[in-house]
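Q: Could you take a close look at one part of the structure shown below and then set that part in the context of its chain? I would like a single connected account, with the numbers kept beside the statements they belong to.

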Amino acid sequence: MVMRLRPDAVRAAGPDPVPPAPGFRAGVVAAVPIILGYFPIAVVFGVEASRIGLSVLQAGMLSLVIFAGAAQFLALVLIASGAAPLVAAGTLIAINLRHVLYGPALMKAAGQPERRWAALWSWCLTDEVFAQALATFRTGQRFSESWITGLGLCGYATWVGGTMVGAWAGAGLLTGMPAIEAGLGFLIPALFLALLMSVASRAVLPAVAVAVVATLLGALVFSATGAILSGMIAGAMAGVLIR
Amino acid sequence: MTGGEILLMAVLTGLATWAFRALPTLLMRAEPPPGGLLARFLAATGPAAIATLFVASVVPQLIPVPRDLWPLAAGTLATVAAFLPRRSVIVATLAGALVYGAVFALLSGA
């Protein structure tokens, strides 16, 4: 016998309705920590670019075309030291290799959603945008391309804008304010630590612990880039091997 | 470097960076089998990457010559303490930076 249920009874007994996917504006709101972290660091980058003799347009171009903080600060060192452009590009590309892992990890956390515009929004998938997006998905929020575009574009605009402000203000901007400069310098580490706590769970503790140890060992044995790559790969491998 | 060489370096780096960020997302279309090696690897990658980035961002203060350890310890503790009550990333980030700068100012007399 087939029992027929009234539609409202089915709704009452069924699972909770799926919440609507967040839009562009929600992505902008989620970008607030990134904006707070990026702006001062981008200003410092602009100041440093000005210090080695780059114009406001050249500093802004670096942020517009590369959009990767660590690589850009190293780019200033390479430019100032007179490195060959192809050698410098190869060095900077090696530093950004870690970004290969971000997209697949994010899609896994988001449940392999539609990604029609991934070629565009993936450009904004920096360390901080990746970490913020991952932490948000862990709270149960759904993925949408509008949302991640809002998140990423805010970070991008802040980074480029902050760079221009710093380069325009020039090398003397933070002179005489060491405590403010020090506090601003801790914004990015504090952001990563807060994001780490927001995604942490008992299940991922082995991966986190191995990543921390491998990063420290990598810094002692290799370089900053070697430390980052060894930490990420060792931590992810620990997640595979330790159950 | 000349202006043209700086532009060349930036464009090459930017193109490679875009490829690193976009191509894996565009090419990996299928869901890896739940519980499989790839699924577990990707699930662990996120937290491991964020932990790595935190450590890498403070390592220059620890190696090779430790410096400003008290501001670092205070800023780290303040970030954790501010996060726990409401699990707010914004509040924790700002509290950590504020305490770091305050302790730095106290110790250096700045």
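**Helix H3 in the setting of chain A**

A: In chain A, 78% of the contacts with a separation of 6 or more are between residues 24 or more positions apart. This is a predicted model, and its chain A has 14 helices and 0 strands, so that, by the definition of these elements as DSSP runs, every element from the N terminus on is written as α. The C-alpha trace of chain A spans about 85 × 40 × 35 Å along its principal axes, and buried residues make up 50% of its 243 residues.

The part to examine is helix H3 of chain A, which runs over residues 32–51. From its first C-alpha to its last, H3(A) reaches 29 Å with its 20 residues, a value close to the 28 Å expected at 1.5 Å a residue. That end-to-end figure should be read together with a bend of about 25° at Tyr38(A), where a proline, Pro40(A), follows within four residues. As for its surroundings, H3(A) is mostly covered, with 15 of its 20 residues buried, where buried denotes a residue with 20 or more other C-beta atoms within 10 Å of its own. Just after the helix, Gly53(A) takes a positive phi of about 100°.

Turning to the wider setting, chain A is divided into domain 1, residues 22–199, and domain 2, residues 201–243. The C-alpha centres of these two domains of chain A lie 22 Å apart, and the contact between them takes 5 residues from domain 1 and 4 residues from domain 2. On the side of domain 1 of chain A that touches domain 2, there are 4 nonpolar residues and 1 charged residue, with no polar residues.

Chain A also meets chain B, with 82 residues of chain A in contact with 67 residues of chain B. On the chain A side of this interface, the largest share, 13 residues, comes from helix H12 of chain A, which covers residues 187–199. By class, the side of chain A that touches chain B comprises 65 nonpolar, 14 polar and 3 charged residues.

To return to the helix itself, H3(A) thus combines a bend of about 25° at Tyr38(A) with a span close to the expected one, and 15 of its 20 residues are buried.

How values were computed
Residues numbered from 1 in each chain as written. Chains lettered and ligands numbered in written order. Predicted model: local features only at pLDDT ≥ 70, side-chain atom pairs only at ≥ 80, totals over all residues. Domains from an automatic or database assignment. Contact = placed C-beta atoms within 7 Å. Nonpolar A, V, L, I, M, F, W, Y, C, P; charged D, E, K, R; others polar. Helix = DSSP H or I, 4+ residues; strand = E, 2+ residues; numbered from the N terminus. Expected span 1.5 Å × (residues − 1). Bend = angle between axes of the 7 residues up to and from the residue. Buried ≥ 20, exposed ≤ 12 C-beta atoms within 10 Å, placed from the backbone.
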